[in-house]
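Dear colleague,

I am passing on the structure we spoke about, and I would be glad if you could look through it with the notes that follow.

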Amino acid sequence: MIPDTLELVAQKLLDRAKSMGADEADVIATKGQSINVDVRNGTLENADRSEGAEVGLRVLVSQRQAIVSSSDISDATLELMVERAIAMAKDAPQDKHAGLASVNQLAKQLYLSELEICDPATEPSPNKLQEQAEIAESSAMEVVGVSQVSGASASYGKYSVFVAASNGFTANYDRSSNSVSCVAIAGEGSGMERDYDADTRVYQSDLRPSDEIGRTAGLRAVERLNPRRPATGNYPVIYDERISSGLVGHFLSAINGAAITRGSSCQKDSLCKQVFQRTCKLVENPHRVRTGASRLFDSEGLTTKKREILSKGVLNGWTLDLASARKLGMRPTGNASRSVSSNPSPTNWNIELSSPDDYCDNLLSEMRNGLLVTSLIGSTINPNTGDYSRGVSGFWVEDGQICYPVSEITIAGNLRDMLKKIILGNDAQRHLSYVVPSILVEDMTLAGS
């Protein structure tokens, strides 16, 4: 159960804000702890444990809003927070679209236990985490060609959240996270290459074995030795499953209500139009079990729902919080996210991109000749036009077979054109928040040798 302290803090802030003239107010109070252990050369390099509480207060006065936050939850600080928030709101610009949800919009189902977003198991000891990291490191070092491991880590975190608003909404929940990661280096001197593997789960028992994580990191690093630069030209490109969700992320940013209301999106005129390959379906499901982004309600207290963002490549709707929905004259989609120090903004939950009737079991064979991208470096994307450019590394493919590693190259295209000409693989990782398989883009410009 969430500590009573958070509920008490939230109620004090709401009561005081109303008494000082706030028309509406809401509060997010959090309390959490985390442990992180780093291992290097078989010995403990670093061990951190942190604990703390934070609280954020948003007030609305005459359609003007302000937010203040603090990690000090003493009575004196809470009093000062309210005073400052009220004063800041009175000086803020008026926003007729800001405001809390009406009572009839609020979620009724608030019990999150069925989503299994918090591991009931006992917090792992630092010794247990150190053991996981040591196993990952030693497994990476056993791979022939690995010269060193730059870092192996294991971590655990758990936090509690209490949300309350002057419209009567209150809710609380706990979340947990467990992870193991390893970064391996192969080769020597100027010929060194690095790669990694990692796993993050809600439940400790769901983590992949640490030795598998270390071994995968080592094998990936060795595979990258002696890279070349292919000739400049136009080629098909496969985005490996490890990084393909980035393409979907760019698209989701473009259909975010905040970008649409500003008019700063290359997809602003795409509603009810084909934006992906016709075989593609994109679904948001905030109710998936044991998934980090799962929730029954958003930060404004609205019910979250499963929705089909794309059907047969056609865009069905924007991602909206209350404010962006009001600006556009639409219904909110239950996608508001907020930290203790920020106003609500539209955010996507669990995403799955699929091609139910037409996916490919072997994208390398489908591509035949081209580039397999496994790592992205930097990012240049123009949100208004969709022009896209990334530094990448990966592997050159000929006749459907990987031939040699490549690095120090750039690929470019336009996101709108790219998404309409994609083929999906069948290798998506089901436990991730973004379930996205490898993606073959038919034609991109490659700047190489």
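Please bear in mind throughout that this is a predicted model.

I begin with Gln63, which at 36% relative accessibility counts as partly exposed, because that class covers values between the 20% limit for buried and the 50% limit for exposed. Gln63 sits in the loop that links strand E2 (43-61) and strand E3 (64-70), and its phi is near 60°, a positive value in a residue other than glycine.

A second residue with a positive phi is Cys272, where the angle is about 65° although the residue is not a glycine. Cys272 belongs to the loop between helix H6 (257-262) and strand E8 (281-284), and it is exposed, with a relative accessible area of 61%.

The strand that follows this loop, E8, takes part in an open sheet of 5 strands, whose order is E10-E9-E8-E13-E18 and whose pairing is mixed. Which strands stand at the edges of this sheet? They are strand E10 (314-315) and strand E18 (434-435), and each has a single partner strand, so one side of each is left without a neighbour in the sheet. Within the sheet, E8 pairs with strand E13 (residues 351-354) in the antiparallel sense, over 4 bridges, and Leu282 has Leu353 in E13 as its bridge partner.

The other pairings that I noted involve strand E19, and I list them in turn. As background, the strands of a sheet pair through backbone hydrogen bonds, and they do so in either a parallel or an antiparallel manner.

- Strand E7 (residues 233-239) and strand E19 (residues 439-447) are antiparallel to one another and pair over 6 bridges; here Tyr235 stands opposite Met444 in E19.
- Strand E16 (residues 401-414) is joined to E19 by 3 bridges, and the two run antiparallel; in this pairing Ala412 has Thr445 of E19 as its bridge partner.
- Strand E17 (residues 422-424) is likewise antiparallel to E19, with 3 bridges between them, and Ile423 stands opposite Leu440 in E19.

When you open the model, you might look at the loops holding Gln63 and Cys272, and then follow E19 through its pairings with E7, E16 and E17.

With kind regards

Definitions and conventions:
Residues numbered from 1 in each chain as written. Predicted model: local features only at pLDDT ≥ 70, side-chain atom pairs only at ≥ 80, totals over all residues. Heavy atoms only, no water. Buried < 20%, exposed > 50% of the residue type's maximum accessible area, 1.4 Å probe, protein only. Pairing = 2+ DSSP bridges.
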